Each structure stands twice: as C-alpha cells, then as structure tokens.
Amino acid sequence: MSHFMDKNFLLYNDTAKKLFFDGADDAVLFNLTQIEDVSMNATVDNNEVLDAMQNVIMTIEKAKNMEIAGNASFFDMALLGAQWGSGVEDSSATVKFAVPCFETYTYKADATTHELKHEIATGSLGTGIAKYAYKLNKDGSIAKKYEYVADTATADKFSMATTGNKTTFTPPTGSQDGDMFLIAYEYEANETNKASRVVDNAEVSAKSGRLMIECLFRDICNKEIMYYGYAVCDNAQVDGNVDVSLTTDGKHPFTIKAMPAYCAEEKNLLTFVIPDVA
C-alpha cells in the first residue's frame with residue numbers, strides 16, 4: 001500500500017548536517033555533524049499606521065531578521081576559523097609559523113644531554129622563551145631559573161646546540177640524578193613539522209557565505225518512515241561574537257545571521273525545502 005506524505009505534519013528528529021560554504025569560492029568552510037540546541041529565530045519590526053484619533057488601522061512589517069543559533073558538541077577549529085574570519089591555516093613549505101613547546105626533562109647521570117622533540121634553528125637558540133630553562137620541584141612548581149649560554153654549561157647556566165636537524169639540551173653542571181627541568185621554546189611549523197592554526201586578527205571580519213542545514217524528520221503516522229528537509233540561506237553571516245568554554249563538557253556556540261541578498265531579484269532570508277523522496 002502506498003504511503004501519503006503529509007508535509008504539513010512531520011516530527012523533527014535531528015539536525016544531521018550543517019554546512020557553511022565560502023561566499024568567495026563556494027568551498028565548505030565548516031561542516032558541523034555533532035550539534036545541539038539548534039534554533040531559528042525570526043523577528044520583525046512592526047510599524048503601526050494610525051488615524052487622526054490614534055487608532056491603529058494597519059500594521060506594516062519592516063526589517064525582517066532571521067538568526068540560526070546552536071552549539072557544536074565539541075570544540076571546532078573550522079567553525080572558530082569562520083567566526084574569527086581567518087579560516088584554518090595549515091603549515092607548508094610557503095606557510096610557516098612558530099609553535100610553542102614545553103618539555104619536561106628528568107636528568108639521568110648516565111645521559112648528560114637531552115634531545116628535544118623539535119629542532120630549534122641555530123639563530124633562535126637562547127632567544128625568546130628559550131632564553132631560560134627551569135628546575136622544577138616535585139610538585140611541578142619552579143624551583144630555580146637558569147640562563148642560556150652559547151658555550152659550555154656552567155653551574156648557573158645551561159646550553160643548547162643544533163646539529164643535523166637535532167637540538168640537544170645540556171643542563172647546568174652539578175645536576176643530580178632525578179632533577180626535573182622545564183624547557184620552553186618555539187619551533188617552526190612547515191611542510192615537515194605539521195601544525196594548524198586559527199588567528200583572531202583585529203582587521204579581519206567573520207566569514208559570510210551560504211548556509212545549508214540538513215534536518216531529519218519522522219512521519220507523523222509511522223515513525224519508521226523518515227524524510228530529509230533542508231534549510232537554505234543564500235546570504236549568511238557568521239557572528240564573530242563567540243564564547244567558548246574550555247572545559248571537558250564545554251560546547252562551542254555559534255550564531256549565523258540570515259540576510260537578504262541585496263543585489264538579487266528575490267530578497268529571501270531562508271528557504272525550507274522538503275523533497276518527496278524519503
């Protein structure tokens with residue numbers, strides 16, 4: 001027996017996907033698959049038309065607005081890149097940037113040097129945060145600060161050297177077996193040492209483009225029958241106001257504003273489409 005699809009009465013089940021396409025080249029900027037508490041909020045400004053007795057004879061709607069808001073279940077680099085406007089930048093042969101690294105090293109009497117996880121360029125040895133190393137207490141707090149020396153390590157200074165793409169750390173003389181040191185430095189991310197970054201630049205605005213939300217519905221008469229629906233905004237603006245809680249149960253909130261395409265013939269804010277095919 002054929003089943004009649006009543007599009008007027010569908011049970012919302014879930015938001016399956018939320019894709020945001022770059023307004024410049026239509027590439028996907030972010031794809032949210034784990035999202036919660038999604039809402040669509042439409043508002044209008046009502047202008048009342050009054051007669052001479054101040055009776056309301058008509059209400060004219062102006063300034064329609066639409067916002068789509070929700071929470072990504074996890075911290076999302078691509079979403080943050082769209083909110084900050086910079087996108088996600090991956091290191092390469094042409095894109096290079098500094099990456100911090102904090103290493104904790106336990107001195108062993110039979111191994112007088114320690115090889116760092118990453119290479120420090122020779123010209124950067126003993127500069128910036130790598131100018132100092134720190135002896136740690138058992139609880140991880142800092143017990144003593146030591147300064148870098150380009151020559152041989154002394155009782156008050158440590159040394160580092162880079163040879164053959166490897167950087168070694170030599171602790172101060174007189175170090176005892178089991179002494180712990182904190183070594184803070186920056187290394188270069190490039191085509192070999194891969195890293196990704198998102199930058200909040202004061203001169204860059206949040207991304208704009210096209211928003212498409214895929215929703216899943218259940219038939220009002222038979223919950224086993226499911227349908228897809230799509231909310232489409234052709235002129236969407238990511239809101240750059242974001243408050244991300246860096247906790248294990250924290251969510252990544254987002255707000256996207258739907259705006260009419262000013263140069264288009266139709267000034268649509270949002271279109272909701274439900275295909276016949278289940």
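In which strand is the place of Val38? In this predicted model, Val38 belongs to strand 3, which covers residues 35–50. Val38 has a relative accessibility of 30%, and because buried means under 20% and exposed over 50%, Val38 counts as partly exposed. Setting aside neighbours within four places in sequence, the residues in contact with Val38 are Thr15, Lys18, Ile68, Ala69 and Gly70. A distance across the model can also be taken from this residue, since the C-alpha atoms of Val38 and Ala161 are separated by 54 Å, and these two residues are 123 residues apart along the chain.

Strand 3 also holds Asp37, whose phi is near 55 degrees, a positive value in a residue other than glycine. Asp37 is exposed, with a relative accessible area of 58%. A positive phi is likewise found at Asn165, where the value is near 65 degrees and the residue is again other than glycine. Asn165 is placed in the loop between strand 10 (157–163) and strand 11 (166–170), and with a relative accessible area of 59% Asn165 is exposed.

From these residues the reader can turn to the interior. In soluble globular proteins, nonpolar side chains tend to be buried together. In this model the largest nonpolar core has 25 residues, and those with the most contacts inside this core are Phe20, Phe30, Leu32, Leu211 and Ile256. Two or more residues come from each of strand 1 (10–22), strand 2 (28–32), strand 4 (56–72), helix 1 (77–84), strand 14 (208–219), strand 15 (226–238) and strand 16 (252–258), and of these elements strand 15 gives the most, with five residues. Leu32 may serve as an example of the surroundings of a core residue: not counting residues up to four places away in sequence, Leu32 touches Ala16, Lys17, Lys18, Ala72, Asp76, Leu79 and Phe254. Apart from the largest core lies another, of 21 residues, among them Leu116, Phe169, Ile183 and Ala189.

Helix 1, one of the elements that give residues to the largest core, also contains Gln83. Is Gln83 buried or exposed? Its relative accessible area is 2%, and because buried means under 20%, Gln83 is buried. When neighbours within four places in sequence are left aside, Gln83 is in contact with Ala206, Val238, Asp239, Gly240, Val242, His252, Pro253 and Phe254.

The cysteines offer a further comparison of surroundings. Cys101, at 10% relative accessibility, counts as buried, whereas Cys221 is exposed, with a relative accessible area of 70%. A disulfide would need a pair of cysteine sulfur atoms within 2.5 Å, and by this rule the count comes to zero disulfides.

The last feature to consider is empty space. Rolling a probe the size of a water molecule over the atoms shows where empty space is left. The largest pocket holds about 240 Å³ of space, and of the 15 residues that line this pocket, the closest to its centre are Ala121, Ser124, Glu186, Tyr187 and Glu188. Which strand provides the largest share of the lining of the largest pocket? That share, four residues, comes from strand 12, which spans residues 180–189. By kind, the residues of the lining divide into seven nonpolar, five polar and three charged.

Conventions: Residues are numbered from 1 along each chain as its sequence is written. This is a predicted model: local features need pLDDT of at least 70, side-chain atom pairs count only at pLDDT 80 or more; totals for chains, interfaces and linings use all residues. Side-chain values use heavy atoms; hydrogens and water are left out. A nonpolar core is a set of buried Ala, Val, Leu, Ile, Met, Phe, Trp, Tyr and Cys residues joined through side-chain atoms within 4.5 Å. Buried means under 20% relative accessible area, exposed over 50%, partly exposed in between (1.4 Å probe, protein chains only). Contact means heavy atoms within 4.5 Å. On a 1 Å grid over the protein atoms alone, a cavity is a set of points where a 1.4 Å probe fits but cannot get out, and a pocket is an open set with protein on both sides within 12 Å along at least five of seven lines; lining residues have an atom within 4 Å of a point. Grid points are joined across faces, edges and corners, and a volume is the space filled by probe spheres set on the points. Ala, Val, Leu, Ile, Met, Phe, Trp, Tyr, Cys and Pro count as nonpolar, Asp, Glu, Lys and Arg as charged, and the others, Gly among them, as polar.
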